[in-house]
Amino acid sequence: MEVSEILVGAAGIVLGAIITYVWRFSERAQETVPTAPAPAVPPDIRTVLSVLRSSALVMGEDEKVLRASAPAIALGLVSDDRLRSDQLLELVRRVRRDGEVREEELEIHLRRRPPIFVRARVAPLSHGLILVLVEDRTAEQKVETLRRDFVANVSHELKTPIGAIQLLAEAVGEARDDPEAVERFAGRMRTESERLTRLVQQIIDLSRLQADVASEHSVVIKVGELVAEAVEHSHTDAEAKAITITQDIQPDLYVLGDRAQLHAAVSNLVENAVTYSPDDSTVAVSATGDGDEVRIMVSDHGIGISPEEQERIFERFYRVDPARARTTGGTGLGLSIVKHVAASNGGSVEVWSEPDLGSSFTLVLPAWDVDEGEYE
Ligand code: ADP
């Protein structure tokens, strides 16, 4: 045997010994490092969660979501094993602290989603687990809120034009020998009945909005078309007052939403701008996008709105000057429709106004990326 062969053999033995040692050491190391036991969700709870129609979650001690039912995920409550609502997380923490079962009604705002109203029930389970049951009551809440003051307002609003028509009908009867007076009263009856028709239509729009879930009817809409249609809607009124409506629309802006609702919202803003502007003035409609949002802005040089009134104009049936509304035909429902439409399409509405200078209303909606087929 040559010296080189002896050396190779010796090196092999040494290498083998080192590998054996390292392997043994790592085995021992594995035995000594305690592996944290994964907090298991008991099988019967897992079964219950899989059949539950409502949103349910099981939270572990590290505030991770260990298990979530399909509706909880669809509602957007969970992403990356985390609860996306701070309010729910706070509720879970309180239950963890004192072990008391809690039930609360919450308004939850999740990113890029309309707010949801939920009834959450949180209870401790064994092994430090917490069960969260969430019932989505958004639709019910909307209907309840509407019902609360709607009946009173509607009957009051309907009484005015109906009363006027009644009086005018009597006046026509008494003035049957005076054709000029009959014509005048008939004209006023027409105005009142138009007002009544508009009011009833807006009441129907609003109650549909409250009961409907917008996303069910969502389609991709080109913002330029939406604006053009809204401007066309006010064309006759603007012409009668010699008001020019300008349009400055960034091309290729799209939103995802309910077409009829969004049409009603933008039309209402343009209609208001024309109504509350003096003759021979200009109304400007612009649409811009910054990737995330689309901003549709309607600006006028009209009478403006004081800061105190700005807080209230989005309320149903609220009018700054009810006496003036008799001439403008205003119902006080337009802006509340705009606000509801914005909210149910994942957006919002902003107002800037200065008395005697003018107003700007901006409808902000999430931008839709047509190439990607998703929100930008
Ligand atoms: P209306 O049918 O009376 O126009 P809205 O809900 O659309 O009802 O508006 C509520 C109130 O807000 C109006 O009565 C008016 O006083 C005020 N308003 C709305 N838009 C404008 C505007 N562009 N300029 C001045 N005031 C406005």
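The following exchange asks how labels on this predicted model are earned.

Visitor: What should I know about the model before starting?
Guide: It is predicted: local features need pLDDT of at least 70, side-chain atom pairs count only at pLDDT 80 or more, and totals for chains, interfaces and linings use all residues. Residues are numbered from 1 along each chain as its sequence is written, and side-chain values use heavy atoms, with hydrogens and water left out.

Visitor: Why is Asn 268 called buried?
Guide: Buried means under 20% relative accessible area, exposed over 50%, partly exposed in between (1.4 Å probe, protein chains only). Asn 268 has 7% relative accessibility, so it counts as buried.

Visitor: Where is Asn 268 found, and what does it touch?
Guide: Asn 268 is found in helix H9, residues 259-275. Helices (H or I, at least four residues) and strands (E, at least two) are DSSP runs, numbered from the N terminus. Asn 268 touches Gln 202, Gly 334, Ile 337 and Val 338, leaving aside residues up to four places away in sequence. Contact here means heavy atoms within 4.5 Å.

Visitor: What makes helix H12 mostly covered?
Guide: In H12, residues 334-344, 8 of its 11 residues are buried. Among them are Gly 334, Ile 337 and Val 338. Gly 346, with a positive phi near 75°, follows H12.

Visitor: Why is Asp 280 called exposed, and Arg 112 partly exposed?
Guide: Asp 280 has a relative accessible area of 64%, so it is exposed. Arg 112 has 37%, so it is partly exposed. Asp 280 is in the loop between H9 and E11. Arg 112 is in the loop between strand E5 (102-108) and strand E6 (116-124).

Visitor: What is the phi of each of these two residues?
Guide: Arg 112 has a positive phi of about 65°, although it is not a glycine. Asp 280 is not a glycine either, and its phi is positive, about 60°.

Visitor: Why is Asp 292 called partly exposed?
Guide: Asp 292 has 38% relative accessibility, so it counts as partly exposed. Asp 292 sits in the loop between strand E11 (282-289) and strand E12 (293-300). Asp 292 and Trp 368 are 76 residues apart in sequence and 8.3 Å apart in space, C-alpha to C-alpha.

Visitor: How do you know that Asp 178 is partly exposed rather than buried?
Guide: The relative accessible area of Asp 178 is 37%, so the label is partly exposed. Asp 178 lies in the loop between helix H5 (138-174) and helix H6 (179-211).
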